[in-house]
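Here's a friendly walk through one protein model, from its overall layout down to a few individual side chains. Have a look at it first, then read on.

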Amino acid sequence: MRFTSKTLFLVILVCLALFPLSAAVEWQPYLAFGSGDTKIEGKEAPYLELALGTPLGSRINAEAYVSAQPLSGFPYAPFEESDTDSVHALAVQSGFRVSLTLFDDATFNPMMQVSAGHLALASQETEDAAPNITTYFSSSIASGFELNFFDSFQIILLSGYRYNPHEAILGLGKDALSSHYSSVSFRAVLD
């Protein structure tokens with residue numbers, strides 16, 4: 001009985017502590033589209049990103065994201081990456097991230113972003129071969145700022161570090177996908 005009362009008391013304290021962060025915030029989903037680049041073994045490697053999120057408080061946002069980064073060329077694709085020895089190779093990251101801004105509402109608003117999720121490396125040695133998919137842990141931390149021009153549209157500029165621990169694979173060295181990155185995103189509220 002004593003354990004139950006302590007647990008209930010702790011839950012009530014946590015709810016009271018978090019109440020000011022979520023007060024007067026309603027469900028306002030937004031969609032974000034972004035692009036950025038990283039360095040893979042000294043070469044610039046672009047990626048595209050899509051995210052769906054919502055504010056959790058006046059200064060906190062939470063979102064689910066997915067990003068795709070080609071590591072080699074693909075037929076009928078406009079990019080000619082050659083970071084790996086495979087014919088077709090792609091890195092896909094997905095996960096959850098939290099953003100914290102310095103001010104409630106400002107045109108130029110400094111921010112910090114932390115994420116955690118999975119990294120999937122997919123490759124195909126030949127056109128007829130079955131794809132090989134391996135997954136790893138992925139995380140990142142970044143800082144930057146958001147530009148709020150309108151109530152329902154923001155531009156987000158970030159620079160940070162991705163930590164993608166993996167073994168030597170696809171002709172890439174161990175942890176070669178862990179690197180600094182920079183990105184620009186456009187976020188629009190879905191009303």
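Let's start with a term: buried means under 20% relative accessible area, exposed means over 50%, and partly exposed is what lies in between (1.4 Å probe, protein chains only). By that yardstick Glu167 is partly exposed, because its relative accessible area is 46%.

A bit of housekeeping comes next. This is a predicted model, in which local features need pLDDT of at least 70 and side-chain atom pairs count only at pLDDT 80 or more, while totals for chains, interfaces and linings use all residues. Residues are numbered from 1 along each chain as its sequence is written, and side-chain values use heavy atoms, with hydrogens and water left out.

**The overall layout**

The protein chain has one helix and eight strands. Here helices (H or I, at least four residues) and strands (E, at least two) are DSSP runs, numbered from the N terminus. Going along the sequence, the order is α-β-β-β-β-β-β-β-β. The chain has 191 residues, and 38% of them are buried.

A contact means heavy atoms within 4.5 Å. Of the contacts in the protein chain between residues at least 6 apart in sequence, 56% join residues at least 24 apart. As for the outside, the accessible surface of the chain is about 11,100 Å², and carbon and sulfur atoms account for 67% of that. Such areas come from the Shrake-Rupley method with a 1.4 Å probe, and for residues only the protein chains shown count as cover.

**Two residues to zoom in on**

Back to Glu167, which sits in the loop between β7 (153-163) and β8. Which residues does Glu167 touch, leaving out those up to four places away in sequence? They are Tyr136, Gly173 and Lys174. Glu167 and Tyr136 are 31 residues apart in sequence, with their C-alpha atoms 9.2 Å apart in space. Their side chains are joined by a polar contact of 3.4 Å. That term stands for a pair of N or O atoms within 3.5 Å; within protein, one must be able to donate a hydrogen and the other to accept it, and residues adjacent in sequence count only if both atoms are side-chain atoms.

Now for Ser179, which is in strand β8 (residues 179-189). Is Ser179 buried or exposed? Ser179 counts as buried, because its relative accessibility is 8%. A polar atom of the Ser179 side chain lies 3.2 Å from the backbone oxygen of Lys39. Leaving out residues up to four places away in sequence, Ser179 touches Thr38, Lys39, Gly160, Tyr161 and Arg162.

**Charged pairs**

Side chains of opposite charge can pair when their charged atoms come close. The structure holds four salt bridges, each being a side-chain nitrogen of Lys or Arg within 4 Å of a carboxyl oxygen of Asp or Glu. Here are some of them:

| Salt bridge | N to O distance |
|---|---|
| Glu44 and Lys39 | 3.1 Å |
| Glu63 and Arg97 | 2.5 Å |
| Arg187 and Glu146 | 3.6 Å |

Arg187 in strand β8 and Glu146 in strand β6 are 41 residues apart, so this pair links distant parts of the chain, and both residues are buried. Glu63 and Arg97 are both buried too. Glu49, Glu63 and Arg97 are linked in a network of salt bridges. In the remaining pair of the table, Glu44 is partly exposed at a relative accessible area of 43%, and Lys39 is partly exposed at 45%.

**Aromatic pairs**

The structure holds two aromatic pairs. Rings of Phe, Tyr and Trp (its six-membered ring) pair if their centres lie within 6.5 Å; planes under 30 degrees apart count as stacked, over 60 as edge-to-face and the rest as tilted. Phe108 and Phe145 make a tilted pair, at 4.6 Å centre to centre and 40° between the planes. Phe108 lies in strand β5 (residues 108-124) and Phe145 in strand β6 (residues 132-150), so the pair ties together parts that are 37 residues apart in sequence. The pair of Phe153 and Phe186 is stacked, because the ring centres are 6.4 Å apart and the planes are at 15°. Phe153 is in strand β7 and Phe186 in strand β8, 33 residues apart.

**A nonpolar patch**

Finally, Leu31, Phe33, Leu48, Leu50, Leu52, Val66 and Leu190 make a nonpolar surface patch of about 620 Å². Patches are made of residues with over 30% relative accessible area and no salt bridge: like charges are joined within 9 Å, nonpolar side chains (Val, Leu, Ile, Met, Phe, Trp, Tyr) within 5 Å. Strand β2 gives the most to this patch, with three residues. Leu52 is found in strand β2 and is partly exposed, with a relative accessible area of 49%.
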